[in-house]
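Thank you for making time this morning. I would like to walk you through one structure, and I will go slowly for anyone who has not seen it before.

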Amino acid sequence: MKLAIALLACVAVVAATNYHHTHDIKVADKVFLMRQKFLFEIVYRVEDPLMFEEHIATGKQFHFEKQHYTHFDLYMEKFHEAHKAHALLPKGEFFGALVKHHAKQARGLFNYFYYARDWETFKANVAFARMHFNEGMFVYALTLAVIHRADFQGLALPAIHEIFPQFFFNSKFVMEAEKFDYEMWMKTSLYEKEYLDVLYQSSDYMYMKDFKTWQWWKLMGLGEHWYSDSNYILRENIHEFNVASSSATMLKDVKKFYMPVDYSRDLHLYNEESKLSYFTEDLGWNSYWYYLNMDYSFFLDGKTFGLQNDRRGEWWLYNVHQLLSRYHMERLSHGLGEIPQFSWFHQIEMGYDPQLIYYNGIGYSYRKNYYELETYGNFEMLDKITGFQQRIHSIIDSGYYQTTDGHMIDLRQPESIEIIGNMLQGNVDAMDNMFFQFWYMLAHMYFADTHYYQMEVYPNVMLNFETMMRDPMFYMFYKSIAQVYFQFMHHLPKYTKEQLLMPGVTLKHVEVSELVTYFDLVDFDVTNMLNGKMIFHEGQFLWDKSLFARQMRLNHKRFTYTYTIDSARDEQVVIRAFLGPKFDEFGRMISLADNRLNFMEIDEFTYTLKTGSNLITRKSTDFAWTVKDRTTYTELYYHTMMAIDGKYDYPMDLTEPHCGFPDRLVLPMGWKKGMPMQMFFMVVPYMAPKHEQFSTFDYSYSCGIGSGARHVDSLPFGYPFDREINEYEFYVPNMYFKDVTIYHADTMEKYHNYKEYSNYGHFDYSFFNDYYTKNFKL
């Protein structure tokens with residue numbers, strides 16, 4: 001079910017006009033709304049007992065009988081047997097998607113959800129599982145089912161950070177949220193304002209303890225505790241929210257509370273990687289990787305789910321490369337260099353303490369500086385992992401692969417990257433999957449010191465997709481995966497001038513507007529961590545309180561670039577834009593032959609050139625693969641309930657897609673005096689995707705997973721930087737390099753002198769209304 005959490009758009013074929021506005025908005029009917037209500041309620045406070053009486057009644061029985069399903073397999077049988085033997089992962093225990101036994105059980109539960117013959121069977125199974133099965137496994141299987149069931153298009157679950165806020169915020173905040181008590185808060189709010197260690201004032205100066213840019217509350221004179229808030233919810237599209245939204249009216253009776261939240265701090269492990277915690281712990285950054293691995297889960301086969309139509313192996317591997325390129329640019333903005341090389345047999349210099357706590361109260365394990373993977377590990381498991389890596393390097397160098405049945409696969413063909421990608425992801429489409437499938441899982445289990453047959457394991461960030469990108473070692477390890485990609489491309493012939501040239505087309509110039517980054521504020525809905533009594537009136541749940549984490553995060557000013565393209569004829573083309581560094585951390589220019597690995601593709605779209613000169617303006621808000629902040633859990637629930645009561649028309653494109661990359665992270669953090677970077681643009685002939693003719697999904701609310709038409713054209717991902725470059729052959733008239741500078745604006749500058757801030761001790765809402773509107777609205 002190619003769900004797209006009620007999308008405005010998706011990564012897909014795009015027209016010259018922004019397809020965000022090319023589809024009629026569909027309004028949800030009563031059947032859809034009741035299903036949506038069920039999904040929102042079934043994951044409310046998911047770690048607590050289910051309190052909705054109607055869902056408790058629905059979940060009295062789990063349907064294990066074959067006649068209730070369109071397909072019944074061994075994983076479902078094994079799950080049933082484990083349930084009868086009380087051998088399933090218990091409730092309250094840590095669930096790791098990359099723990100072998102956990103993954104097998106999750107696959108069985110997912111199959112019961114996915115293959116359910118009708119909504120009634122699905123609903124009963126989900127309600128029963130919510131009450132009796134492990135919470136993490138339940139959410140994992142349910143999310144997969146909602147995304148992939150074809151009959152669930154448009155249905156949404158809350159964002160993963162709203163279902164499990166514990167995976168995204170430090171333990172200090174989690175503890176404060178989970179012990180939040182409204183009655184106690186009312187009493188303490190009457191006391192004199194606490195200053196604690198926030199500041200020390202004298203008549204001449206103000207001293208900030210351990211201040212960093214994203215500790216905004218100190219400059220506003222606020223403490224790190226809960227505040228009552230009757231104003232609007234902060235997010236980057238707040239102006240759209242204020243101008244045309246019914247949310248303010250809907251939420252007028254909801255008591256809203258927010259608490260400032262920091263990123264993790266190095267209390268014991270001092271290393272330079274902590275400079276990047278605002279980036280590596282960003283919710284959007286981590287959620288993108290999570291949903292990518294849900295869309296193309298390693299245990300979903302390409303034929304059944306259509307994933308092979310999307311070139312799933314190549315797409316997964318290319319995303320690894322692109323995320324590493326983006327991370328590398330953020331490192332450069334702080335004076336850090338290349339991502340360190342990874343080795344199983346050498347010390348990992350940078351330790352990491354995630355400062356997370358699982359909802360069962362157990363803290364996540366940490367890694368000390370100069371950690372030796374080989375010394376502390378399971379040698380048998382390590383041999384299997386390193387043996388796989390040696391084998392895949394060997395088969396790429398040899399140029400062919402012989403399967404167990406004697407079939408020979410040519411690895412010197414560009415399309416063979418799909419095979420390599422499947423092997424590296426360890427998915428079920430990998431050749432000889434009995435050998436390759438588990439290497440990826442074993443590697444992550446090894447990082448977490450988890451054995452093959454362990455069922456109950458300690459929480460570790462490397463065992464779940466939504467947490468692993470917090471750890472600096474993630475980027476080192478995945479760099480070793482990306483190097484296999486580069487090794488494969490090394491054996492393919494370089495593009496010739498004739499292959500790169502588009503006769504009759506000249507990209508004469510590209511004008512780029514000013515590029516500016518800044519830190520803004522956002523409210524993340526963490527209501528799922530409330531532990532107070534739920535209130536029902538005449539059987540209806542009263543959502544009367546919401547908690548929000550108010551956090552500072554990286555963003556950028558909207559920007560545009562304008563192409564000037566001459567064409568000798570009318571022709572349909574694809575225009576691509578890339579962003580990359582120009583200099584390394586020492587200020588040395590990076591050669592294009594080396595630098596091609598560092599470019600990140602930020603835009604691609606189709607366009608029909610007219611004969612003569614073409615002037616094309618492209619806005620950063622037009623990017624098809626990026627999204628803004630998603631509508632919060634609280635708002636979505638109220639929209640649903642109002643629509644059920646007939647007081648609101650629920651649009652199918654109410655919120656942003658789960659498969660989109662955060663728009664605000666397109667640019668790396670700039671410098672006050674300007675960080676030199678470069679952009680690359682290229683015009684190529686349009687080559688339709690192989691499966692475009694089978695595209696039936698609606699862009700307004702579907703990501704199109706498995707449709708084969710998610711991508712603009714059929715060229716290799718990353719073209720023309722996918723292969724090594726011969727600079728004597730590379731430069732052609734239909735490409736253009738542009739030097740650009742990224743500046744950084746200090747949005748908190750006006751608060752540096754507290755004497756000039758008249759509203760000191762209170763949150764400054766003009767932070768959005770004045771500064772953002774005047775300086776950052778395009």
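Before the first helix, one term is needed: a polar contact is a pair of N or O atoms within 3.5 Å, where, within protein, one must be able to donate a hydrogen and the other to accept it. Please also keep in mind throughout that what you see is a predicted model.

With that term in hand, look at the start of helix α6, where Asn134 caps the N-terminal end, a side-chain oxygen lying 3.0 Å from the backbone nitrogen of Gly136. Helix α6 covers residues 135-148, and its 14 residues, at 1.5 Å a residue, should span 20 Å, which agrees with the 20 Å between its end C-alpha atoms. As for its surroundings, 14 of the 14 residues of α6 are buried, so the helix is largely enclosed by the rest of the structure.

Another covered helix is α19, residues 417-425, in which nine of nine residues are buried. Among them are Ile417, Glu418, Asn422 and Gln425. Just after α19 comes Gly426, and the phi of Gly426 is positive, near 70°.

Let me turn to charged pairs. Side chains of opposite charge can pair when their charged atoms come close. In this structure there are 31 salt bridges, and I have picked a few to show you.

Arg326 and Glu330 form one of them, with the closest N and O atoms 2.8 Å apart. Why do these two residues sit about one helical turn from each other? They are four residues apart in helix α16, which runs over residues 312-333, and that spacing separates them by about one helical turn. Arg326 is buried, at a relative accessible area of 0%, and Glu330 counts as buried too, at 0% relative accessibility.

A salt bridge that reaches across the sequence joins Arg367 to Asp471, where the closest N and O atoms are 2.8 Å apart. Arg367 belongs to the loop between β5 (347-348) and β6 (371-372), while Asp471 belongs to the loop between α21 (439-447) and α22 (472-490), so this pair ties together parts that are 104 residues apart in sequence. Both Arg367 and Asp471 are buried.

The next pair is Glu514 and Lys557, whose closest N and O atoms are 3.7 Å apart. Here Glu514 lies in the loop between β9 (505-512) and β10 (515-525), and Lys557 in the loop between β13 (545-556) and β14 (560-567), so the pair ties together parts 43 residues apart in sequence. Is each partner buried or partly exposed? Glu514 counts as partly exposed, at 45% relative accessibility, whereas Lys557, at 19%, counts as buried, because the cut-off for buried is under 20%.

There is also a network of salt bridges, which links Asp282, Asp520, Arg553, Asp629 and Arg664.

Finally, the empty spaces. A search of the whole structure finds twelve cavities of 30 Å³ or more, and the second largest has a volume of about 330 Å³. Of the 27 residues lining this second largest cavity, the closest to its centre are His161, Gly284, Lys628, Asp629 and Arg630. The elements that give two or more residues to that lining are α7 (160-163), α14 (283-295) and β10, with α14 giving the most, five residues. By character, the lining of the second largest cavity divides into ten nonpolar, seven polar and ten charged residues.

Methods:
Residues are numbered from 1 along each chain as its sequence is written. This is a predicted model: local features need pLDDT of at least 70, side-chain atom pairs count only at pLDDT 80 or more; totals for chains, interfaces and linings use all residues. Side-chain values use heavy atoms; hydrogens and water are left out. A salt bridge is a side-chain nitrogen of Lys or Arg within 4 Å of a carboxyl oxygen of Asp or Glu. Buried means under 20% relative accessible area, exposed over 50%, partly exposed in between (1.4 Å probe, protein chains only). On a 1 Å grid over the protein atoms alone, a cavity is a set of points where a 1.4 Å probe fits but cannot get out, and a pocket is an open set with protein on both sides within 12 Å along at least five of seven lines; lining residues have an atom within 4 Å of a point. Grid points are joined across faces, edges and corners, and a volume is the space filled by probe spheres set on the points. Ala, Val, Leu, Ile, Met, Phe, Trp, Tyr, Cys and Pro count as nonpolar, Asp, Glu, Lys and Arg as charged, and the others, Gly among them, as polar. The expected span of a helix is 1.5 Å times one less than its number of residues.
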